[in-house]
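Subject: Structure for you to look at

Hello,

Please find the structure we spoke about below. Have a look at it first, then read my notes.

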Amino acid sequence: MEGPAAARHPDAAEPAASDPAASEPAAAEPAAPNAAAAPDRETGTRALLAELGTAMIATGQPVQEIEEELAEVSARLGYPDVQSAVGPTGLMLTLTPGGPSTYRAAAAGLRLHQAASVRLIRHQLLQGELTIAAARDELAATARRPVQQPPWLVALAWPVLAVGIALILQPGWANVAAAAVCALVVLALVQLAGRYEVVKALLPTLAAFAVSLVVFGAANAGLLEGPLRTVLPPLAVLLPGALVVNGMSELAAGHMQAGSARLTYGLAQLGLFALGLLMATALLRVPTETLINLRVDEIGWAAAPVGLLLVGASICLMEGVPLRLQGWVLLVLSLAFGAQLAGQELGTVALGGFFGAVAASLGASIVELRHPLLPRLVLFLPAFWLLVPGSLGLVGVTELAAGRESVTDVALGLLGVAIAISLGLLVGSSVGRALRGRFAAPVDPSAPRPT
């Protein structure tokens, strides 16, 4: 991806044309030293904040957090009256009320190693360690920075992740093996989607269709039980659970446009996955009795901790998470998983999602508070991906289409889990912000501002 280019503002003054009637050259008056510097700095600051904001959108942050953190950086740069309107695909920003504004569209999603760099740039701007020009150069370089691991090792992480999730959701030996094989099929489709637009547009349906053919075909042949849960691990990377929960959290925070757009898009993607699954079951003439939420447990208690370790390691490998962060990622992931299990034992799936979201969000905030250079978002997102209700949603929609559940039951179940996780995120992030305001080292007001 090409680095951001500085756009010329339409209100910029054009050089004055010479007067043809002038007979003698006029004496040049000395210009005030700050006359041109102030507009140039304002334009550069506005462009930097727009680039930083769209990079934060690409990392997957909710829009309410982006607006708050952009305001902190802008105040540090000398513009405390900044106004921004952030959406899922871009933002509008102005430094002063009634002043010039900038719109910038967000690029494609960033990986976690790039998200760590974006967070570091924001921290350095707050500490006055980067100039405006240097920060813009760093953001441009971050967008182009690839994963350091070789491609074959990143590809190997796909079946490892599917195996880890299968050990948690459906710990049967045949189910785990089927998940690993189907993950390679999904990886091949993802690589094709990078080359062909038609495959990219139909990726959810194609992936669900291909995986369902393999899994339900094996189930018809008597090779495995519980095929509906076995379909989920290979598709977990593509499921739109994060979109659904982020949309709910944005709606709860009062961002109606961003929240409703993200929620609608996530539910539409979920429907495309369910369509592919149902097409495969119809083609194979799978009995309705097979489409049940059956859990197989052949491996025992060791499956969950081993699966959790594999999930954390594979996400770190796929996303290029730096080695210094991987232990902290596993710690937050374990806290979230433990809290989720405790909530499910005490109550329901929704209560488990709430406890897990609070633990993930608050745990990541506390780690960042103690170690400011460890980005909260990078520590939190892997746990978030484990908590999101995308898999539950796919199961619910499939059972609905198969006629096993009523529309009301499925809708209330999905809504309850999404709301519970969203509330957990809001509670955890709110407590984390309160702790940061109380215990974080304040920015030195006497430090020079970035120029």
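The notes below go through cavities, salt bridges, one covered helix, a surface patch and a few single residues.

Please keep in mind that this is a predicted model, and that each value here was computed from it.

Cavities

The count comes to 3 cavities of 30 Å³ or more. The largest cavity holds about 140 Å³ of space. It is lined by 15 residues, and those closest to its centre are Pro-62, Glu-65, Asn-246, Phe-380 and Leu-425. Four helices are worth finding on your screen here: α2 (63–76), α10 (241–252), α15 (376–387) and α17 (407–439) are the elements that give two or more residues to this lining. Of these, α15 gives the most, with 5 residues. Sorted by class, the lining of the largest cavity has 7 nonpolar, 6 polar and 2 charged residues.

The second largest cavity has a volume of about 70 Å³. Its lining includes Leu-52, Met-56, Glu-69, Arg-119, Arg-122 and Leu-377. The elements that give two or more residues to that lining are α1 (37–59) and α3 (112–126). Helix α3 gives the most, with 4 residues. By class, 5 residues of the lining are nonpolar, 2 are polar and 3 are charged.

Salt bridges

Some of the charged residues just named come up again in this part. How many salt bridges does the structure hold? There are 7 salt bridges in the structure.

Start with Arg-119, which forms a salt bridge with Glu-69; the closest N and O atoms are 2.8 Å apart. Arg-119 sits in helix α3 and Glu-69 in helix α2, so the pair ties together parts that are 50 residues apart in sequence. Both residues, Arg-119 and Glu-69, are buried.

Arg-119 also forms a salt bridge with Glu-368, where the closest N and O atoms are 3.0 Å apart. Glu-368 belongs to helix α14 (residues 349–370) and Arg-119 to helix α3, so this pair ties together parts that are 249 residues apart in sequence. Is Arg-119 buried or exposed? Its relative accessibility is 9%, so Arg-119 counts as buried. Glu-368 is buried because its relative accessible area is 12%, which is under the 20% cut-off.

These contacts belong to a wider set: Glu-69, Glu-72, Arg-119, Arg-122 and Glu-368 are linked in a network of salt bridges. Of these, Glu-69, Arg-119 and Arg-122 are also among the residues that line the second largest cavity.

Another salt bridge is found within one helix. Glu-42 pairs with Arg-46, and the closest N and O atoms are 4.0 Å apart. Why can these two residues meet along helix α1? Glu-42 and Arg-46 are 4 residues apart in helix α1, so they are separated by about one helical turn. In general, an α-helix has 3.6 residues a turn, so residues three or four places apart point the same way. Arg-46 counts as buried, with 3% relative accessibility.

A covered helix and a surface patch

Helix α9 (residues 227–235) is mostly covered, with 9 of its 9 residues buried. Among them are Pro-227, Arg-229, Thr-230, Pro-233 and Leu-235.

On the surface, Leu-192, Tyr-196, Val-198, Leu-202 and Leu-206 form a nonpolar patch, with about 440 Å² of accessible area together. Leu-192 lies in helix α6 (residues 173–193). With a relative accessible area of 36%, Leu-192 is partly exposed.

Single residues

Which residue has a positive phi although it is not a glycine? That residue is Arg-285, with a phi of about 55°. Arg-285 lies in the loop between α11 (256–283) and α12 (303–319). Arg-285 is exposed because its relative accessible area is 74%, over the 50% cut-off.

The last residue to look up is Gln-83, which lies in strand β1 (residues 83–86). Gln-83 is partly exposed, with a relative accessible area of 44%. Gln-83 and Leu-70 are 13 residues apart in sequence and, from C-alpha to C-alpha, 9.3 Å apart in space.

Regards

Key:
Residues are numbered from 1 along each chain as its sequence is written. This is a predicted model: local features need pLDDT of at least 70, side-chain atom pairs count only at pLDDT 80 or more; totals for chains, interfaces and linings use all residues. Side-chain values use heavy atoms; hydrogens and water are left out. Patches are made of residues with over 30% relative accessible area and no salt bridge: like charges are joined within 9 Å, nonpolar side chains (Val, Leu, Ile, Met, Phe, Trp, Tyr) within 5 Å. Accessible areas come from the Shrake-Rupley method with a 1.4 Å probe; for residues, only the protein chains shown count as cover. A salt bridge is a side-chain nitrogen of Lys or Arg within 4 Å of a carboxyl oxygen of Asp or Glu. Buried means under 20% relative accessible area, exposed over 50%, partly exposed in between (1.4 Å probe, protein chains only). On a 1 Å grid over the protein atoms alone, a cavity is a set of points where a 1.4 Å probe fits but cannot get out, and a pocket is an open set with protein on both sides within 12 Å along at least five of seven lines; lining residues have an atom within 4 Å of a point. Grid points are joined across faces, edges and corners, and a volume is the space filled by probe spheres set on the points. Ala, Val, Leu, Ile, Met, Phe, Trp, Tyr, Cys and Pro count as nonpolar, Asp, Glu, Lys and Arg as charged, and the others, Gly among them, as polar.
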